[in-house]
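Let's take a look at a protein model and see what sits on its surface and what hides inside. Have the structure open while you read.

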Amino acid sequence: IRRRIELIQDFEMPTISTKIKVSRDGQYIMAVGTYKPRVRCFDTYQLSQKFERCLDSEVVTFEILSDDYSKIVFLQCGRFVEFHSQHGHYYKTRIPKFGRDFSYHYPSCDLYFVGASSEVYRLNLEQGRFLNSLQTEASESNVCDINPVHFLFAMGTAEGKVECWDPRTRNRVGLLDCALSSVTADTEIEGLPSISALKFDGALNMAVGTSTGQVLLYDLRSSNPLIVKDHHYGLPIKSIQFQNQLDLIISADSRIIKMWNKDTGKMFTSMEPEHDINDVCLYPNSGMLMTANEAPKMNIYYIPVLGPAPKWCSFLDSLTEELEENPESTVYDDYKFVTRKDLENLGLAHLIGSSLLRAYMHGFFMDIRLYHKAKMMANPFAYEEYRREKIRQKIEETRAQRVQLKKLPKVNKELALKLIEEEGEEEQFRKKRKQKNLPSLLKDDRFKVMFENPDFQVDEQSEEFRLLNPLVSKISEKRKRKLKILEELEAQGQEEEEEPEGKASDAESSESSDDEKGWVEEVRKQRKLLRQEEKLKRQERLKEDQQTLLKPQFFEIKEGEEFRSFKDSAKKQKLMKKTLEDRLKLEEKLGTLNVSDTTVGSKQATFKLKKSEQQRKQQEAEKRHRQERKTLRRSASHLKSRRGRGRLFH
C-alpha cells in the first residue's frame, strides 16, 4: 500500500468495467461498466470523478464524437442506441438487429452499425434518419473500423473474413480471408477463426485479431499478411493498439497484454494482470496504459520506455528516475537457476566464472536454451522417459474412473492393510450408533504420497520401529478390545455412562498395570536383541579388518625430528633415563600428579592410578544399566499418568 500510487481518486466501477476511452483533448477518461449499468467520467485536471450516469441496459460499446464529453453515443445490448449531450440523456432510438460494434464516419456524419445480421445499418446524424443499409455476404459481423486517412470502412465477419467498403460509392472494394491466413505451421486451432478485433494504422496498415488468439498485420495493397503473431492462449483478441514512437503493436486477450515490434514480430514486453481483461486504452502520446477488467478496480500502467508521462501526472517521470537510481535485483524469466551440483551433472562446471553464468545466492542463472541443449546432450532419452511416465499416469487416471477392487498400494502395504481393517471396524461401529463417517487416511490427498513414494517406506528393521512397535501393538489390541466390549453392551442394552467399558475401576487399573508390565518386558527384549546384533556386527567388522592385508607404507622423516615407534617404547626409555625430579615435573604438567607445600614445610604429593581396561569396561556397563533403568521408569510413570488423565476426562 505504501508503494501504490493512486493517480485518479476512485478510479473504479461497482462490479466490473467493460470499455474505457479517452477524449480527443486528453482531459476526460470515460468508462462503462456494471452493476447497475452506468458510465463514469473522470477529469484528469482534477484527478477525480466528474459525473456518473446510470443507464437502462448494459453497454456493448460507446464512442466519444466530440473533443470533450459533450457528445457520446452508446450501443446497448437491447438493440438501443442512446445519445448523450453535456447535460445528460438526449435521444434514444433502436436498430433492427442486435448490434456488436459501430463506427462514426466524420465526412458524412454517418454511424455504421454491425451485428447479428448480414446488413450494415447506417444512421445519418445530420438528417436524423436511417439510410439504405449495406448488404454483405457475411451471416454476422463482429467488429468494424474506419480508416482515419481515406475513410475506408472495414468490417470483420464471423466467417473469418474482412470486407472493405467505400462509403462514397457504397460498394465493396476488397475481401481478405484472414481465417485461412492465420493458420500457419506453428499454430494449432480448433474450429473456424472469426474476427474479434480490427484496427487501422495510417493509410496502409491494418491489424486484425481472431477468436483463436492470432494477430495478423496487413498492408492494404496485399492480400497476404506481413506478419502473424500468436498469443498461444487460444483466447479471442479483445483489443489492438498501435504505438508509433517505437513501432509497436499492443494486442490483448482476456489474460495477457503483449507488446511486439510490427516489423519483426519480436516481443518487447508483456503484462499479465490479476483479473481478466475486457478492454485496453493507450493514452495518446504517452507511455500510459489503462485497462478495463473483470474487477471493480481499473488498472493504470506507466511504461517510461513507451513515452513520457501525461502532463496531468508529470510527477511520474521524477518518480521513475528515483526508482532507477536505486535498482533492485532482477529475476530473469528466460533464465534457469542451477546449483553447482547441477552444473557438474550437466558437464558445464567449466563455465563457472564466464559470462554465460551469473552468480546468484547458492547457485547460478543460465540461459534456458543453453540449459535445454546441455540436458539433451547429457541425457538424450529424458524426453522418452518423461513421455512414457506421462502415458502411464494417463492410463492410471482412466483406470481410476472404472469400478475398482480394493487393491493394496505398492508402498507401505502392511500399514495400508492395518488402516483398512481399523476403518472397517470403526465404520461398523458408527453405523450401529448412526454417527457420521470420518475422512479416510488412505483417500486423503495430504497423505497420498506416503503410499506412492518409496522414500516413505516404513523400515521395520530400524531401531526406532522395533522399540515403538510393542507400544503400538498394545494400544491397537486395547482399542479392539474396547470396541468389542462396547458392542456387547449395546446389544444387551446395559451401557453405563460412568464406566462405558463395562468393568469396575479396580479391574481396569489391574488390567492397565498388566499391560505396562508386558510392554516393559517387550521393550527389554527388543533392547537385548539390538545389543546382540550390534555385538555381532562389531565382531564381523573385526574379522574383516583382520582378513584385510595392509600394504607397507613408507614415510619420510623431516630433519631434526625424532622417530617414535607405534608402541611408544622409545618414549618410555627416554623417560626412564630422566631423574625423579624431571619425571615429577612432567607428571605435574600432565595433571596426573599434584605437589603442594604443607604447613610444616615438607612436601605432599597426590597422584592418580591408571585404571585397568577391565575396570573401565565394568564401570561403563554399570553406567549404561543405570541409564536404561531410569528411562524405563520414566516411560512407565508417563503411561500411568496419561491413563489416569484419560479416565478422568472420560
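A residue is called buried when its relative accessible area is under 20%, exposed when that value is over 50%, and partly exposed in between. Keep in mind that this is a predicted model.

Let's try the rule on I5, which you'll find in the segment before β1. Its relative accessible area is 47%, so I5 is partly exposed. I5 also has company: together with F315 and L319 it forms a nonpolar patch on the surface, and the three share about 240 Å² of accessible area.

Now for some charge. R524, K528, K623, R626, R629, K630, R633 and R634 gather on the surface as a patch of positive charge. Two elements each supply two or more of these residues: α8 (505-547) and α11 (613-649). The top contributor is α11, with six residues. R524 sits in helix α8, and because its relative accessibility is 47%, it counts as partly exposed.

Here are the two residues we looked at one by one:

| Residue | Place | Relative accessible area |
|---|---|---|
| I5 | segment before β1 | 47% |
| R524 | helix α8 | 47% |

Time to go inside. Which residues of the largest nonpolar core touch the most other members? They are F11, I20, I29 and M290, out of 20 residues in that core. The strands β1 (16-22), β2 (28-34) and β26 (288-293) are the elements that give two or more residues to this core. Of these, β26 gives the most, with three residues.

Note on methods. Residues numbered from 1 in each chain as written. Predicted model: local features only at pLDDT ≥ 70, side-chain atom pairs only at ≥ 80, totals over all residues. Heavy atoms only, no water. Patch = residues over 30% accessible without salt bridge, like charges linked within 9 Å, V, L, I, M, F, W, Y side chains within 5 Å. Areas by Shrake-Rupley, 256 points an atom, 1.4 Å probe, with all protein chains shown as cover. Salt bridge = Lys/Arg side-chain N within 4 Å of Asp/Glu carboxyl O. Lys, Arg positive; Asp, Glu negative; His and termini not counted. Charge placed at Lys NZ, Arg CZ, Asp CG, Glu CD. Helix = DSSP H or I, 4+ residues; strand = E, 2+ residues; numbered from the N terminus. Buried < 20%, exposed > 50% of the residue type's maximum accessible area, 1.4 Å probe, protein only. Core = buried A, V, L, I, M, F, W, Y, C linked by side-chain atoms within 4.5 Å.
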